[in-house]
Each structure stands twice: as structure tokens, then as C-alpha cells.
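Grab a pencil and work through these exercises with the model open beside you. Try each task before you read its solution.

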Amino acid sequence: MTAEIVIVGGGAGGLELATKLGRRMGRRGEARITLVDRSPTHIWKPLLHEVASGAMDSSVDQISYRGVARHRGFHFVLGEFAGLDRDAQTITLNAILDEKGQTILPERQIPYDYLVLAIGSITNDFGIPGVRRHCQFLDSPEQAQHFHQNFLNTLMRVNSQRRTDPDACARIPIVGGGATGVELAAELVHASETVHEYGFSQADRSMLHITLLEAGPRLLPALPERISRDTLRELRELGVDVRLEARITEARDDALVDQDGREIPGDIMVWAAGVQGPTLMEHLDGLSLQPNRMLKVAATLQSVDDPNIFALGDCAACPQEQGFVPPRAQSAHQMADHLAGNLRRAMQGRELKAFQYQDYGSLVNLSQYSAVGTLMGGTSKGSLRVEGRLARLVYISLYRMHQIAVFGWFRGLLMALTDRLHRAFKPKMKLH
């Protein structure tokens, strides 16, 4: 009987795993591969800050799961994960309703022989009062699009105010000095300059007052200290007010409050500090979780409680020699490649191999201004520092490699060419 492999979550790791398994086993009838996601389309999560700023148009750059499934030998099911029954080996999907509350698809159960959780992560608010209510997050394309609309409305309002008040500006505090916060700050600065070309006659950098708040002693704590220093210098040259060792204790309607009781006013307040598993991780029929709701897995990427359940990407707490595999896109990519082999071994009754994360470095893109980072991190030869055009080229190539992993070399390269042509004709910023 054909094995049922169900993958929940179509992020970077989940989609790449589905395409690998579909190509290797789905097309040959060795297994039925099913990818489940609550959205019909995919956007590479590391680019959500570009969706938020308007540098990327999600309606153009998103990928249809059904379209990929047709070409890559797997099945796609639209639905939101609601629960797991390990004894029956089924997952439950919530009913899908239309805008009037009428049922499009009822609640459903999907059987599995092997289940892969690739649910990703969400931003951790650490239980700080008011954060969930008053701050905006960038965990999904919908949240990024919501931020973009608010940001565009704010730019229009300030542009109008500056006709009579030249000092008018929009205040945008961003909490979190990791890659998301740093890259978003630079993208917003670039957006404030770009809109001048599209009728915002009063627009320039001074129309935004961006404050980047980091609780620790430096930005980008996962990167070498010299990269943190360079990034800090670049951001301050762009006019970003960077505050280190600034721990937020409360979020109010129009301001954040730090540990010293000082208020940081904000028209739009962004929270991009820390990660945790989504709340649906609490509905896994007793599977062991870390305190941050990440699923405890062995080095084989199997749940420590159930050998037929695997996890990859941000939602997997996979132990390594020093701590856990970091929540990065390159981690999900490596896990997807490894798990494709382990699932085949499991079906054949062979011993599974342990996953070993390889750190190939990290890059931070400061919009059109610069890029910094390291390559070959964690190798015996040490790391190579890169910046400027070379770093930007490598940063962009990471997205291209994701497209190639999903579509194959020929289609992936065609998509890269199409993207270049599209960017040559479309506005530099999404204006609606």
C-alpha cells in the first residue's frame, strides 16, 4: 500500500521538502505526498520586510502551491491545522468559511503514515503588557501587507502635513535588533526617499523618525561583533535612532515604555524581537515541547515521543553540539534536504541518519544602501567577511536558490530573468 506522507506548513522548508519528495517518490507512486497550508500561496519569509515597505509586491512574487504541486508530483490541501490524533494517525483541519460565515469546506481529517511539521515560528512578545494589542508583527504575508497599507497611509498624511509644518514626521519604533528589525529599518528609510518620485513632493528621510530598540548590548547578536559595529554605523548614517540595552516593559496605544520609564512615541510600532512556536503547537496530542513551544526532536528530526512524526525549520528544537539549530532559512533548507533522505530510509526500514547543521554564514541586507555579513561560517577555515555589492549579490542568490529548489534549474532561472524584467518596468515601490 502506498505510504501517506503529510507535510503541514508550506514555508521555505515545507515547500522544498514537498517538491523533493514529489519528484523522488510521488511521481513514481512510491508514496503520496500531501502539503497542507492555510494560505493558497507562498512567499519566502525572509522577504516579508520588503513586502512591508513596498519594495516587493506580494501579488506578483507569491507562488501558487497548486501550481507547484501540479508540476512537482505532490498534492496540495488548503486548510488550517487544528489538531492531531496520534492513535488514529490523522490530523484535523478547521472548516473553511467565506466572508459571510458560510461553509466552503467542512472540518476534515487527513490520514498519515509519516507526518512532518513545518509550521514555522511567530514573534515572541514575552508576555509584555500591550504588545499584542498595540504593536504590529511581520510573521505572515497578511501582516506584512497590513503594515504596508498603514505605512503608505502614514506617508500620505505626513506628506500633506509638511506643506504647512515642515517638521512633521512619522514616528516608527521597531523593537528587535536582529535581522528583521535591522533590514526593515533600512527598507523604510529607502521607501521615504523613493516615494518622492511618485508625487510625494514633501518626502525625504526626515519625514520618518525610526527608532530601533535592542535589549542587548549590540545589534545582530548571532553575527560577529565587527558586523554588528558596521551595521550600527550604517544605520546611524541613514538617520536611524539606534538604542542598545533598551528593554521594553509596556506597549501603549501611542508609545512604548522602556525599563527606565521613558516613553518612545510611535505612530506605527513594530515588534520583531525573539521567536516562539505558534499557538497551534499546543494541540499536538501530548508531544513534548520546549518552553518556547518548539517541538523536541532527536538528531534524526523525529519527535522524541513518536518515530512517525518529524519536524523541520523554526518549529523544530533540534539539538546540536552547541545548543540548538538556529531558526534560519538556511537551516530549513538543509533540514528539508536531509529529511527527504530520512523519510525514504524510514519507509525502507533502514536506520535514519543524524542531522548536522552547517553554518554557511549570514547576510543582512540594508536595502539599496549596503549589505554586510559573513560567508563560510563554522568551517575549519573560519569566516569570510563580505559587504557592499558582493554581499548584496550573495543575499539575492539565496532567494534564487530557494526558487531553484522549488522549480528546478530551468524554471528557476527563467523566474529570475522574469523578475529582472518585471522590476525594470514596475514602480520601485508598491503604491497601493
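**Exercise 1. Work out how far apart in sequence the contacting residues of the protein chain are, and describe the chain as a whole.**

*Solution.* Keep in mind that this is a predicted model.

Step 1: Start with contacts between residues at least 6 apart in sequence; 64% of them join residues at least 24 apart.

Step 2: Now check the overall size. For 432 residues, a compact globule would have a radius of gyration near 22 Å, and the protein chain has 22 Å, so the two agree.

Step 3: Put a box around the C-alpha atoms. Along the principal axes, this box comes to roughly 75 × 55 × 45 Å.

Step 4: Look at inside and outside. Of the 432 residues, 53% count as buried. The chain exposes about 19,900 Å², and 50% of that area is supplied by carbon and sulfur atoms.

Step 5: Finally, tally the secondary structure: 11 helices and 26 strands.

**Exercise 2. Find strand β2 (residues 31-37) and decide whether it is largely enclosed, then name its neighbours.**

*Solution.* Step 1: A residue is buried if its relative accessible area is under 20%. In β2, 6 of the 7 residues pass that test, so the strand is largely enclosed by the rest of the structure.

Step 2: Look for β1 (residues 3-8). It runs parallel to β2, and 6 bridges join the two. One pair to spot is A3 with its bridge partner A31 in β2.

Step 3: Trace how the chain gets across. It leaves β1, passes through helix α1 (residues 12-26) and arrives at β2, which makes a right-handed β-α-β crossover.

Step 4: Turn to β5 (residues 75-78). This strand is also joined to β2, by 4 bridges, and the two run parallel. Here D37 stands opposite L78 of β5.

**Exercise 3. Draw the sheet that contains β6, β7 and β10, and label how the strands pair.**

*Solution.* Step 1: A quick reminder helps before you draw. Strands of a sheet pair through backbone hydrogen bonds, and they do so in a parallel or an antiparallel way.

Step 2: Write down the order, β6-β7-β10. This is an open sheet of 3 strands with antiparallel pairing. Its edge strands are β6 (81-85) and β10 (108-111), each of which pairs on one side only. From one strand to the next, the twist averages 25°.

Step 3: Add the links. Between β6 and β7 (residues 90-93) there are 4 bridges, and D85 has T90 in β7 as its bridge partner. β7 and β10 also pair over 4 bridges, with L93 standing opposite R108 in β10.

Step 4: Shade the two faces of β10. R108 and I110 make up the covered face, while Q109 and P111 lie on the uncovered one.

**Exercise 4. Locate G274 and list what surrounds it.**

*Solution.* Step 1: Go to the loop between β19 (270-271) and β20 (275-276), where G274 is found.

Step 2: Classify its exposure. Partly exposed covers the range between 20% and 50%. G274 has a relative accessible area of 38%, so it is partly exposed.

Step 3: Leave out residues up to four places away in sequence, and list the contacts: G274 touches I122, T123, N124 and F126.

Step 4: Check one more distance. G178 is 96 residues from G274 along the chain, and their C-alpha atoms are separated by 8.4 Å.

Technical notes:
Residues numbered from 1 in each chain as written. Predicted model: local features only at pLDDT ≥ 70, side-chain atom pairs only at ≥ 80, totals over all residues. Heavy atoms only, no water. Buried < 20%, exposed > 50% of the residue type's maximum accessible area, 1.4 Å probe, protein only. Pairing = 2+ DSSP bridges. Right-handed = clockwise from strand over helix to strand, strands pointing away. Rg over C-alpha atoms; globule rule 2.2 N^0.38 Å. Contact = heavy atoms within 4.5 Å. Areas by Shrake-Rupley, 256 points an atom, 1.4 Å probe, with all protein chains shown as cover. Axes fitted to C-alpha atoms, helices over the stretch in contact; angles between N-to-C directions.
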